[in-house]
Amino acid sequence: MAGIYIHIPFCIQKCGYCDFYSIIRLTDKSDFVACLCKEIIDRKDTLNGEAVKTIYFGGGTPSLLSKQDLTKIVDVLFAHYDLSKLEEFTIEVNPDDINMSYLTDLRELGINRLSMGIQSFNNKILTFMNRRHNAAEALQAVELSKRSGFDNVSIDLIYGIPNMSLQEWESSIDTALGMGVQHISAYHLTFEPGTVFYKNLKKNILKEVDDSVSVEQHALLIHKLKEKGFIDYEISNFCQPGFESKHNSSYWNGSNYLGFGPSAHSYSAPSRRWNISDLKEYMKKVQEEECYFEFEILSEKDKYNEAIMLGLRTNKGVELNVINQMKDEFILFFNEIMKKNIKLKTTFEQDGYLKVCFDQKILTDQIITDFFIA
Ligand code: SF4
């Protein structure tokens, strides 16, 4: 079954670390929704009748859309796609956008999972990251979500932030665990080109944390979450049993997905396409029925690298059978690197899968790079 991703490209202000495509002009919202609906309808035959298992509204800030706008999009999806087997319907929300009435609206639309961009429960750190909510609003938002009937709530946290102490990080984790959420996505801060943080890094206004700090904060995260029964099912994703994100899991296991809206990606083996990251151009081209996306067919090497990257990120690992059906030169290379990594105790083999060792998970990106074919 397939997944559908919808990108809502609006934010009220830009967070210092964020490189997702969004604009801080909200005047185009209605026109955007009309174009988005046109794209959804124009591509209705792409899935060839394949049923949709998950829908994910991401951004940007989907919670800036009104119930009326969300209803228009959901109605178009139901009218043109097979949603009879829909299992998971997620929307990303900012804590300060939601209230009881909005949450009730979301539930009425069939949305059954919330992903909340909280990032920290420390006001000093939230201000530093240019988030628009404070810690009290985050706590209240989770509480309201539970009271409104959502029983599948995910929150995002960030660690590896300059000048954040281990105690401050521990306090954010403890607060998150105390709220009874089902899923936590925890990302190490990265300095992406084009962001304010990246510019400040280049100007020496900001400094990346030392590796020892990253290792310590990651170890604390894993230890605390495991203690509370969370499963580390992907390098940055943790959940109570049974609450893995079905939508994100479909990215990692190679299912088909359709992405609508500017910058959204789609995948259908062996090809991948991505819409242009420019709202004005996207809207103009959708309306005028011109090409608004780029497209590529994955080469054998791309498929190998993708199998490594997606597999080693998850606790399931890379399926050796999949690698063994690839070109001989790839199999030889993989076996050589695997032998080296097993000897170094960074990875291990179990039931036909190669996995990253528990105490080496912080090094996953480096291990993946080691297996990549340039
Ligand atoms: S992190 Fe979310 S709210 Fe902040 S700029 Fe990025 S998309 Fe917008």
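**Exercise 1. Explain where the second largest pocket lies with respect to domain 1 and domain 2.**

Solution. Domain 1 (2-252) and domain 2 (300-371) each supply residues to the lining of the second largest pocket, so this pocket lies between them. The structure is a predicted model.

Next, take the two domains themselves. The domain assignment of the chain gives domain 1 as 2-252 and domain 2 as 300-371. The contact is made by 14 residues of domain 1 and eight residues of domain 2. Taken over C-alpha atoms, the centres of the two domains are 28 Å apart.

**Exercise 2. Describe the second largest pocket: its volume, its lining and the elements that contribute to that lining.**

Solution. Start with the volume, which is about 630 Å³. The lining is made up of 24 residues, and those nearest the centre of the pocket are Trp252, Asn253, Gly254, Leu310 and Gly311.

Then assign the lining to elements. Helix 9 (246-252), helix 11 (300-313) and strand 13 (318-319) each give two or more residues. The largest share, five residues, is that of helix 11.

Last, sort the lining by residue class: 12 residues are nonpolar, seven are polar and five are charged.

**Exercise 3. List the residues around the ligand and sort them by class.**

Solution. Reading along the chain, the shell begins with Cys11, Gln13, Lys14, Cys15, Tyr17 and Cys18. Gly60, Thr61, Asn94 and Arg131 also belong to the shell. By class, the shell holds four nonpolar, four polar and two charged residues.

**Exercise 4. Find what the UniProt record annotates for residues 1-232 and describe that span in the model.**

Solution. The unreviewed UniProt entry carries the annotation "domain: Radical SAM core" for residues 1-232. In the model, the span is 40% helix and 19% strand. Its end C-alpha atoms lie 24 Å apart.

**Exercise 5. Locate the cis peptide bonds from Gly59 to Gly60 and from Ala269 to Pro270, and the positive phi of Asn130.**

Solution. Take the bond from Gly59 to Gly60 to begin with: this peptide bond is cis, and its omega is near 20 degrees. Gly60 sits in the loop between strand 2 (52-59) and helix 2 (67-80). Gly60 is also one of the residues around the ligand.

Now turn to the bond from Ala269 to Pro270, which is cis with omega near 5 degrees. Pro270 belongs to the loop between strand 10 (265-268) and strand 11 (271-275).

Finally, consider Asn130. Asn130 is not a glycine, yet its phi is positive, at about 65 degrees. The loop that holds Asn130 runs between helix 4 (123-128) and helix 5 (135-147).

Methods
Residues numbered from 1 in each chain as written. Predicted model: local features only at pLDDT ≥ 70, side-chain atom pairs only at ≥ 80, totals over all residues. Heavy atoms only, no water. Near = heavy atom within 4 Å. Nonpolar A, V, L, I, M, F, W, Y, C, P; charged D, E, K, R; others polar. 1 Å grid on protein atoms, 1.4 Å probe; cavity = no way out; pocket = protein on both sides within 12 Å on 5 of 7 lines; lining within 4 Å. Points joined across faces, edges and corners; volume = space filled by probe spheres on them. Helix = DSSP H or I, 4+ residues; strand = E, 2+ residues; numbered from the N terminus. Domains from an automatic or database assignment. UniProt positions renumbered as here; feature names shortened; annotations may be inferred. Contact = heavy atoms within 4.5 Å.
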